[in-house]
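Could you take me on a walk through this model in my viewer? I'd like to know what to select at each stop and what I will find there.

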Protein chains: 2
Amino acid sequence: MAASAIPEFTGDHGTTTQEYAYSRLRNAIIVGAFAPGTALTIRGLAQELNLSPTPIREAVRRLSSENAIQVLGNRRLKVPDMSLGRFEELVHLRISLETHAAERAFPYISTVIIEKMRALDDQMDVALAAGDLDALTRINQAFHKDLYGLNPHQAVMPMIESLWLQLGPFQRQVIKTIKVSAMIDRHKEMLAAMEARDVTALCSALESDIRDGSIRLGRAILRNQAGETVA
Amino acid sequence: MAASAIPEFTGDHGTTTQEYAYSRLRNAIIVGAFAPGTALTIRGLAQELNLSPTPIREAVRRLSSENAIQVLGNRRLKVPDMSLGRFEELVHLRISLETHAAERAFPYISTVIIEKMRALDDQMDVALAAGDLDALTRINQAFHKDLYGLNPHQAVMPMIESLWLQLGPFQRQVIKTIKVSAMIDRHKEMLAAMEARDVTALCSALESDIRDGSIRLGRAILRNQAGETVA
DNA sequence: CAAGCCTAAAAGAGATCACAAAGTAATAAA
DNA sequence: TTTATTACTTTGTGATCTCTTTTAGGCTTG
């Protein structure tokens, strides 16, 4: 039964059971605990989390609306497959949405937020040294999220998180083989651009950050298959 | 009990009750049947649609993940309020996402799709003449959706639809006072750009189309209140 | 040996029920 | 008259149960 093994993690799980289930499942997907194409069952997940099917169903519905879980015509559930075409589309979207978010967050950048993000960057070094890939992923996302969330009226964050969810299952397959140091260097670039109040440099570093984490992934796809579905 | 009056419409309602409820609620929101800030109850919606609360709960969860319905801390539901800041953010996002989608759909443009979209544009004239605002909204969205959906790997459509959902409740308040002819002219511009295979002109017309439908809305906000919450 | 069918097990869907949390209105006290 | 408290009502939540759909495996048949 430990076939999937939904990882535990510390954080806000909300007040209701449904929110807890959502939180656990969302985290599992975003850190890549489920491989693309994995079949899921409501009853199975309920059993694994020691809950009744009801809150699981609701959590699954939410994740399906975020395109993190696919509801098939026969009512079965699966983690979406990844293809080269979809992958490229998702990466392009990440760049579009996240540079948009960074531009619109830019006027709100302050020294305190720079320090906060620098602290997160330091935490990433720690997680990297400890080899905690789940934590690495979550801290990296917190780093980006802190920036985009500066804009008090932002509506883009849920969409960016949807992209992270869609890339999560695939990302994990390759993250082990990637030296993550490049990504962290881009973070330092981003912080420098923020300190210099240079929006162009910030977006440029951000785009590189996204590409760096993706090019190798794309290569991995091309290597394994001819660009078709990756299971 | 006809306080809200969820509009009926012809279209694919899916196979399950939950999908039906989602379809009805989604349509109600996107055509603006609920004013911003409207309080919703699961049991109330269930009664209005003659269903049990269960499928309504699932439909509401999905819509909450698309930011079409807001789940408050006290577990109550409401259609999100609109503010000037949020409105501008949503419009900017629409332009970013929809021009992105148009650019990436561009290589797939064919004469058959141009004809299909032209037919939809004609249908809009009919709906306009008939004063059917709900149909006008849905056909307009089908027009855009046909274009963006040309890219077979597109992942952006769900996000664009989320924006439409978020703008829906507010849009309706003003759509009656707008002469929609401008919007339709932009559609003709878009079709011309597509025939000329001019991606720059297409995106330019698209951006104007979005702005045209928004500037007046923004003015309406500014007129009614000082940019604060609009109920 | 392969293809189709039939039966049993598993899973999803939705209604219902019981419980808890939140809101509301009436009443009493200041 | 105003405020606070309390009882009542409404609502959300989650488990359970039943029904239907779907899948899987073994069987029969060509």
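Start by selecting residues 15-82 of chain A, a span that is 51% helix and 9% strand, with its end C-alpha atoms 33 Å apart. UniProt, in an unreviewed entry, lists these residues as "domain: HTH gntR-type"; its positions are given here in the numbering of this model, feature names are shortened, and annotations may be inferred rather than shown by experiment. Helices and strands on this tour are DSSP runs, numbered from the N terminus: helices are H or I and at least four residues, strands are E and at least two.

A word on what you are looking at: this is a predicted model, in which local features need pLDDT of at least 70, side-chain atom pairs count only at pLDDT 80 or more, and totals for chains, interfaces and linings use all residues. Residues are numbered from 1 along each chain as its sequence is written, while chains are lettered from A and ligands numbered from 1 in the order in which they are written.

**The whole of chain A**

Now widen the selection to chain A and colour it by secondary structure. You should find 9 helices and 3 strands, running α-β-α-α-β-β-α-α-α-α-α-α from the N terminus. Of the 231 residues in chain A, 37% are buried, a label for residues with 20 or more other C-beta atoms within 10 Å of their own; exposed means 12 or fewer, partly exposed is in between, and C-beta atoms are placed from the backbone.

**The DNA strands**

Next, show DNA strand D and the residues near it, where near means that the C-beta atom, placed from the backbone, lies within 6 Å. There are 20 residues around strand D, and the closest are A:Thr16, A:Thr17, A:Ser52, A:Asn74 and B:Ile42. The elements giving two or more residues to this surface are α1 (17-30) and α3 of chain A, along with α2 (42-48) and α3 (53-65) of chain B. Coloured by class, the surface near strand D has 6 nonpolar, 8 polar and 6 charged residues. Here Ala, Val, Leu, Ile, Met, Phe, Trp, Tyr, Cys and Pro count as nonpolar, Asp, Glu, Lys and Arg as charged, and the others, Gly among them, as polar.

Switch to DNA strand C. It is surrounded by 18 residues, the closest being A:Ile42, B:Thr16, B:Thr17, B:Gln18 and B:Ser52. Two or more residues come from each of α2 (42-49) of chain A and α1 (17-30) and α3 of chain B. The classes near strand C are 5 nonpolar, 8 polar and 5 charged.

**Where the chains meet**

Which elements of chain A touch chain B? First select the contact residues: 23 of chain A meet 23 of chain B, with contact meaning C-beta atoms, placed from the backbone, within 7 Å. Elements giving two or more residues to the chain A side are α3 (53-65), α4 (84-105) and α7 (157-175). The largest share, 7 residues, comes from α4(A). By class, this side has 7 nonpolar, 9 polar and 7 charged residues.

Try superposing the two chains. A rotation of 180 degrees with 0.0 Å of shift along its axis places chain A on chain B, at an RMSD of 0.0 Å; the fit is by least squares on the C-alpha atoms of residues with pLDDT of at least 70 in both copies. That is the relation of a two-fold axis. To locate the axis, centre on A:Arg62, whose C-alpha is the nearest to it in chain A, at 2.4 Å. The same surface serves both copies, as 100% of the contact residues of chain A recur in chain B.

**A small sheet in chain B**

Move to chain B and pick out its open sheet, 3 antiparallel strands in the order β1-β3-β2. Strands pair if DSSP finds at least two bridges between them. At the edges are β1 (39-40) and β2 (70-71) of chain B, each pairing on one side only. Between β1(B) and β3 (residues 77-78) there are 2 bridges, and B:Leu40 stands opposite B:Leu77 in β3(B).

**Three loop residues**

Return to chain A for the last stops. A:Asn67, in the loop between α3 and β2 (70-71), has a positive phi of about 60 degrees although it is not a glycine. A:Asn67 is partly exposed, with 18 C-beta neighbours inside 10 Å.

Is A:Arg75 buried or exposed? With 9 C-beta neighbours inside 10 Å, A:Arg75 counts as exposed. A:Arg75 lies in the loop between β2 and β3 of chain A, and its phi is also positive, near 70 degrees.

Finish at A:Pro80, in the loop between β3 (77-78) and α4 of chain A. Leaving out residues up to four places away in sequence, A:Pro80 touches A:Pro36, A:Gln70 and A:Gln166. A:Pro80 is partly exposed, with 19 other C-beta atoms within 10 Å.

Notes:
Contact = placed C-beta atoms within 7 Å.
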